[in-house]
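Colleague: I'm new to this one. Could you walk me through how to read it?

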Amino acid sequence: MGDTVQMHFGTVDYVIFVLLLVASAGIGLFYAFSGGRQRTTQEFLLADRSMRCLPVSLSLLATFQSAVAILGAPSEIYTHGTQYWFLGCSYFLGLLIPAHIFIPVFYRLRLSSAYQYLELRFSKSVRICGTLTFIFQMVIYMGVVLYAPALAINAVTGFDLWGAVLAMGLVSTVYTALGGLKAVIWTDVFQTVVMFAGQLAVIIVGTHQAGGIAEVWRKAQNGSRISGLDLNPDPLERHTFWTLGVGGVFLMLALYGVNQAQVQRYLSSRSEKEAIMSCYAVFPCQQIVLTLGCLMGLVMYARYGEESPLDKGYVNSNDQMVLYFVMDVLQDLPGLPGLFVACLFSGALSTISSAFNSLATVTMEDLIKPHVSPMTDARATILSKVLALAYGLVCLAMAYIASLMGSVLQAALSIFGMVGGPLLGLFCLGMFFPWANSTGALVGLGSGLVMAFWIGIGSFVSQTSASASPVINATAIPDVGNMTTAIMTTLITPKPRPSGVQALYSLSYMWYSAHNSATVVLVGLVVSFLTGPWKEKELNPGTVYPVLGNLLFFLPERYKEKLCCVTPLENKSKDLDHQPYQMAQKESNGVAYTKEEDKLREEEEKQITAQPTCNLAHTVLETAL
């Protein structure tokens, strides 16, 4: 890109940008020195289970609304049209199922980490494998989500590259390590408002300059950018109603159902009802985010038509094209370019701070506490803060590695998406199929990961070798509010319909999560039946959701018992929030108990010693969902 088109920040832009960083750090410092001052793991990792619906819902939205996604949605609409808008159809089931299945199971088990569920349902080895898979997934992505927007900002505005990386990395590390989950959630709320403001400013000004919304729509129609309903059932087609509306459901479940960063927010809610309501509240917010991204893409097309800044050589990639458009539209309005860059930085800050907190939680609860002698809560809290700080430094190191990767950056992004589907399959295997055993879970997870990497890497290699085919830029990712969805965009390129194994490599990225999770479930069930399926009495109460029992309601009880479909999960108590069943386990296993639970713990531990030993690591008091 030539210097003639590079635009620079003014003083007001820098002031707005610095104010964003100061405000974010200030929120973290406020919660570090107020309230309980983050002195317990309960407060640091789970916000003392005291959060209300609205901040939790906005934090859920912001967690994976990364800067990479903000940059990608408009360029997706600009290039391919509005077919992508139909992804909004998947949000309904993608949020309804977690609200009424995953949240009740996780919340009533009083977990701190989603992977504690895997030990309760299967075994300690399954829990460790799930935790390590998640850590690998997040560490790979952290550096990319930090470096990619900084690179785009540097290329278009001349903003110092490593200054941007260090500013984002250090500020998010400070407020996450000092303020804990409560600081992360409230900074997410603030950053969500900044993201909305930045996008709205660009859309309003751009629409006005284009001659109004009617003119924007007319130009988009004339340029064939307004897409109709495509009902083509071909799974190799990149975007159709079925790939977006149905395949997208599984991608949403991988994020809002079982991802630790989101589960941790559910568990921080004051009650199960508030956790469910926060999930409902995300639905309209997601629709607004999708709409803003699509509108910005249409405004971009109204301004440039078929002659994009990328085609003219003003920028080098699709993600830079969005920033070029912003600087072009807002160049005569001091402060607004700074507001949009603050919007991008807000997306990056919310994503990486959530990653730090969730990584510190799973490392503490799943890898340290169960394998060391019991430690005091104060010592555990200090260690959790050190872990959050350490992961912040790892993030900066990963950003440096990402800067050296070059074209391999696309492969690094793809690795993240390959992991979400198998983890979803593992949780579904345990929650919906009572006869699945620990061996089946381990083999199923391994098979799902092998399948995901085989297809993902095979697709990447085949697309790279086909140099004649245009490849979608690694960071030009549609805004889906879902990292798993976003990353797999990088694997798809337009080309003639393939056959044989190439057809598998060309599967639409929207079906990746469904395909890989189905692999885990099918292989897990087959191996479980071959190695001896578990019976209902061997399961910890509350770890299986009776979906089969509900679907087969017409069968007599004796047949449902033979099919292991009568797992009782209906709590007879009318007040579910005040009488949840608890995890009866030793303190060293790392559940952060509330003050009200302290008196019950001794009685629960006595019950453990009185119960016969089984092949599961923990037992749960027998109450029900």
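**Reading the model, feature by feature**

Modeller: Let's start with a single loop residue. Arg49 counts as buried, because its relative accessibility is 7% and the cut-off for buried is under 20%. Keep in mind as we go that this is a predicted model.

Colleague: Where does Arg49 lie?

Modeller: Arg49 sits in the loop between helix H2 (41-46) and helix H3 (53-63). Its backbone is worth a look too: Arg49 has a positive phi of about 50°, although it is not a glycine.

Colleague: Which other residue that is not a glycine has a positive phi?

Modeller: Arg110, with phi near 55°. Arg110 belongs to the loop between helix H5 (90-108) and helix H6 (116-121). At 10% relative accessibility, Arg110 counts as buried.

Colleague: And Arg127, is that buried or exposed?

Modeller: Buried, with a relative accessible area of 1%. Arg127 is in helix H7, which covers residues 124-157. Its side chain is joined to that of Glu119 by a polar contact of 2.4 Å.

Colleague: Let's zoom out. How many helices and strands are there in the chain?

Modeller: The chain has 23 helices and 2 strands. Of its 625 residues, 63% count as buried. Then look at how contacts run along the sequence: among those between residues at least 6 apart, 84% join residues at least 24 apart.

Colleague: How do I read a pair of packed helices?

Modeller: Check the angle, then the residues that meet. Helix H4 (residues 67-80) and H7 pack at an angle of about 50°, with their axes 8 Å apart. That angle is why H4 is called oblique to H7. On the H4 side the contact is made by Ala67, Val68 and Leu71, and on the H7 side by Val145, Ala148, Pro149 and Ala152. By class, that contact has 7 nonpolar, no polar and no charged residues.

Colleague: At what angle do H11 and H14 cross?

Modeller: Roughly 80°, and the axes of helix H11 (residues 260-267) and helix H14 (residues 336-368) come within 9 Å. That makes H11 roughly perpendicular to H14. H11 brings Gln260, Ala261, Gln264 and Arg265 to the contact, while H14 brings Ser354, Asn357, Ser358, Thr361 and Val362. By class, the contact of H11 with H14 has 2 nonpolar, 6 polar and 1 charged residues.

Colleague: What's the general idea behind a nonpolar core?

Modeller: In soluble globular proteins, nonpolar side chains tend to be buried together. Now for the case here. The largest nonpolar core has 164 residues, and those touching the most other members are Phe102, Phe106, Tyr117, Leu323, Phe325, Phe340 and Met431. Helix H8 (residues 161-210) gives the most to this core, with 18 residues. Another core lies apart from it, with 10 residues, among them Phe44, Leu45, Ala177 and Ile368.

Colleague: Which residues is Tyr117 in contact with, leaving aside its neighbours within four places in sequence?

Modeller: Val105, Phe106, Leu109, Leu111, Phe427, Gly430, Met431 and Thr543.

Colleague: Helix H8 came up a moment ago. Which residues in it should I click on?

Modeller: Try Tyr175, which lies in helix H8. Tyr175 is buried, with a relative accessible area of 0%. Beyond its neighbours within four places in sequence, its contacts include Ser24, Ala25, Gly28, Leu349 and Ser353. With Ser353, the side chain of Tyr175 makes a polar contact of 3.2 Å, side chain to side chain. Also, Tyr175 and Gly26 are 149 residues apart along the chain, yet their C-alpha atoms are separated by 7.8 Å.

Then go to Gln199, which lies in helix H8. Gln199 counts as buried, at 2% relative accessibility. Setting aside neighbours within four places in sequence, Gln199 is in contact with Ile70, Leu292, Met296, Phe340 and Cys343.

Colleague: One last stop: is Asn316 buried or exposed?

Modeller: Exposed, because its relative accessibility is 53% and exposed means over 50%. Asn316 is in the loop between helix H12 (272-304) and helix H13 (318-330). From C-alpha to C-alpha, Asn316 and Val156 are 9.7 Å apart in space, with their places 160 residues apart in sequence.

How values were computed: Residues numbered from 1 in each chain as written. Predicted model: local features only at pLDDT ≥ 70, side-chain atom pairs only at ≥ 80, totals over all residues. Heavy atoms only, no water. Helix = DSSP H or I, 4+ residues; strand = E, 2+ residues; numbered from the N terminus. Buried < 20%, exposed > 50% of the residue type's maximum accessible area, 1.4 Å probe, protein only. Polar contact = N/O pair within 3.5 Å; in protein donor to acceptor, adjacent residues only side chain to side chain. Axes fitted to C-alpha atoms, helices over the stretch in contact; angles between N-to-C directions. Parallel < 35°, antiparallel > 145°, perpendicular 65-115°, else oblique. Contact = heavy atoms within 4.5 Å. Nonpolar A, V, L, I, M, F, W, Y, C, P; charged D, E, K, R; others polar. Core = buried A, V, L, I, M, F, W, Y, C linked by side-chain atoms within 4.5 Å.
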